[in-house]
Amino acid sequence: MTRTMMARATPGPGQEARLKTLVDELAGHVRAEPGNIRFEAFAESGGAVVMLEEYRDDAAFEAHLDESHTRQFNEALGEVAAGGASEVTELGAIAADTPAAPGIRGIDHAGMTVPDIDAATRFFQDAFGAVTLYDVLPEDGPDMEGDGPEAELGLSAGTRIVHMRLLRLGNGPCLELFRMEGGEQAGPARLQDEGLTHLGLYVDDMEAACAAFSAAGGELLKGPHPLANNEDQEGNAGIYGRAPWGTLIELLSYPGGISHPQGAPAIRWTPHP
């Protein structure tokens with residue numbers, strides 16, 4: 001069972017900026033912990049900082065407490081925070097939004113095969129500000145090939161995975177890029193083809209997003225156009241485009257909200273601002 005808690009630190013006189021710096025530094029370390037699920041921090045109007053933390057299980061939380069960055073942060077609070085420490089409250093979930101079977105959390109990532117991972121990475125960086133997390137399979141390492149990968153991943157005979165990279169793009173699933181060699185390969189899917197056909201990215205400023213998409217080498221289709229049916233509200237719009245290698249990507253924005261049917265089992269997931 002996950003462990004979720006809220007920590008609240010109130011700065012001492014003149015320590016507001018120092019407290020925010022400490023929390024910002026802590027966030028980078030905690031998010032890199034294998035057992036951390038999320039770490040978010042919010043500033044209150046009076047200067048206090050509230051940290052919302054979630055860990056995979058009890059062992060992950062205990063490991064967090066034993067990390068050197070956690071101990072250093074808590075020691076620094078002795079000089080920076082009123083009372084010399086943060087106030088920690090354990091949280092238990094109620095009214096949980098669980099539109100899935102027990103034990104199923106949600107979409108972790110989407111996979112995309114591209115002709116050149118470095119070029120695709122530059123496109124996602126330039127168009128959307130994506131960041132590279134790590135290379136799952138470095139380009140200069142041994143290829144993933146043979147009977148094992150062919151059976152495990154459904155590859156055609158002779159196909160080699162020569163490069164894999166994981167990107168993070170905003171508040172949503174990761175994007176895993178693949179480059180293949182040696183096997184049969186089809187072109188990018190069209191919207192009418194079966195299977196996964198496109199990525200949909202929520203944007204706040206449609207005009208700016210379209211300009212960045214084009215400047216990064218993408219090709220926009222006709223639009224922006226209104227959204228349909230339950231999504232057709234004031235200010236809502238979308239447009240499709242092709243990445244430089246042909247993959248369809250949709251830009252959409254619905255500041256007017258979504259009109260969910262009465263009795264809908266869940267609301268549409270939307271990346272937080």
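Are F123 and W245 buried or exposed? Both are buried, and they come back in one of the views below. Keep in mind throughout that this is a predicted model.

**View 1. The whole chain, for orientation.** Before zooming in, here is the overall picture. The protein chain carries six helices and twelve strands. Along the principal axes, its C-alpha atoms fill a box of roughly 65 × 50 × 40 Å. The chain has 273 residues, and 34% of them count as buried. Take the contacts with a separation of 6 or more: 61% of these are between residues 24 or more positions apart.

**View 2. F123 meets W245 edge-on.** The structure holds nine aromatic pairs, and this close-up picks out one of them. The ring centres of F123 and W245 sit 5.6 Å apart with the planes at 85°, so this pair is edge-to-face. The two residues come from distant parts of the chain: F123 belongs to helix α4 (residues 117–128), while W245 is in the loop between β11 (237–242) and β12 (248–253), 122 residues apart. Neither ring is out in the open, as both F123 and W245 are buried.

**View 3. F124 and F128, one turn along α4.** Staying with helix α4, the next pair is a tilted one: F124 and F128 are 6.2 Å apart centre to centre, with 35° between the planes. They are four residues apart in the helix, which means about one helical turn separates them. F124 is buried and F128 is too. Zoom out a little and the two views join up, with ring pairs linking F123, F124, F128, F213 and W245 into a cluster.

**View 4. D58 holds on to R3.** A search of the whole structure turns up 15 salt bridges, and the next three views show some of them. Here the side chains of D58 and R3 meet with 3.0 Å from N to O. D58 is in helix α2 (residues 58–66) and R3 is in strand β1 (residues 3–9), so the salt bridge ties together parts that are 55 residues apart in sequence. How exposed are the two ends? D58 has 44% relative accessibility and counts as partly exposed, whereas R3, at 16%, counts as buried.

**View 5. E54 and R38, a link between two strands.** This salt bridge joins E54 to R38, and their closest N and O atoms are 3.0 Å apart. E54 lies in strand β3 (residues 49–55) and R38 in strand β2 (residues 36–43), so the pair ties together parts 16 residues apart in sequence. In this view the acid is the buried partner: E54 has a relative accessible area of 15%. R38, at 32% relative accessibility, counts as partly exposed.

**View 6. E181 and R179, part of a network.** The side chains of E181 and R179 form a salt bridge of 2.7 Å, N to O. E181 is partly exposed, with a relative accessible area of 30%, and R179 counts as buried at 15% relative accessibility. The pair doesn't stand alone: through shared partners, salt bridges join E139, D143, R160, R179 and E181 into one network.

**View 7. Inside the second largest pocket.** This pocket has a volume of about 160 Å³. Its lining is made of 13 residues, and the closest to the pocket centre are E53, H64, N74, S86 and V88. Which elements give two or more residues to the lining? They are β1, β3, α2 and α3 (68–80). Sorted by class, the lining has eight nonpolar, four polar and one charged residues.

**View 8. A48, tucked into a loop.** A48 is found in the loop between β2 and β3. It counts as buried, with 3% relative accessibility. Leaving out residues up to four places away in sequence, A48 touches R8, A9, T10, P11, F42 and A43. L19 is also worth finding in this view: A48 and L19 are 29 residues apart in sequence, and their C-alpha atoms are 8.7 Å apart in space.

Note on methods: Residues are numbered from 1 along each chain as its sequence is written. This is a predicted model: local features need pLDDT of at least 70, side-chain atom pairs count only at pLDDT 80 or more; totals for chains, interfaces and linings use all residues. Side-chain values use heavy atoms; hydrogens and water are left out. A salt bridge is a side-chain nitrogen of Lys or Arg within 4 Å of a carboxyl oxygen of Asp or Glu. Buried means under 20% relative accessible area, exposed over 50%, partly exposed in between (1.4 Å probe, protein chains only). On a 1 Å grid over the protein atoms alone, a cavity is a set of points where a 1.4 Å probe fits but cannot get out, and a pocket is an open set with protein on both sides within 12 Å along at least five of seven lines; lining residues have an atom within 4 Å of a point. Grid points are joined across faces, edges and corners, and a volume is the space filled by probe spheres set on the points. Ala, Val, Leu, Ile, Met, Phe, Trp, Tyr, Cys and Pro count as nonpolar, Asp, Glu, Lys and Arg as charged, and the others, Gly among them, as polar. Rings of Phe, Tyr and Trp (its six-membered ring) pair if their centres lie within 6.5 Å; planes under 30 degrees apart count as stacked, over 60 as edge-to-face and the rest as tilted. Contact means heavy atoms within 4.5 Å.
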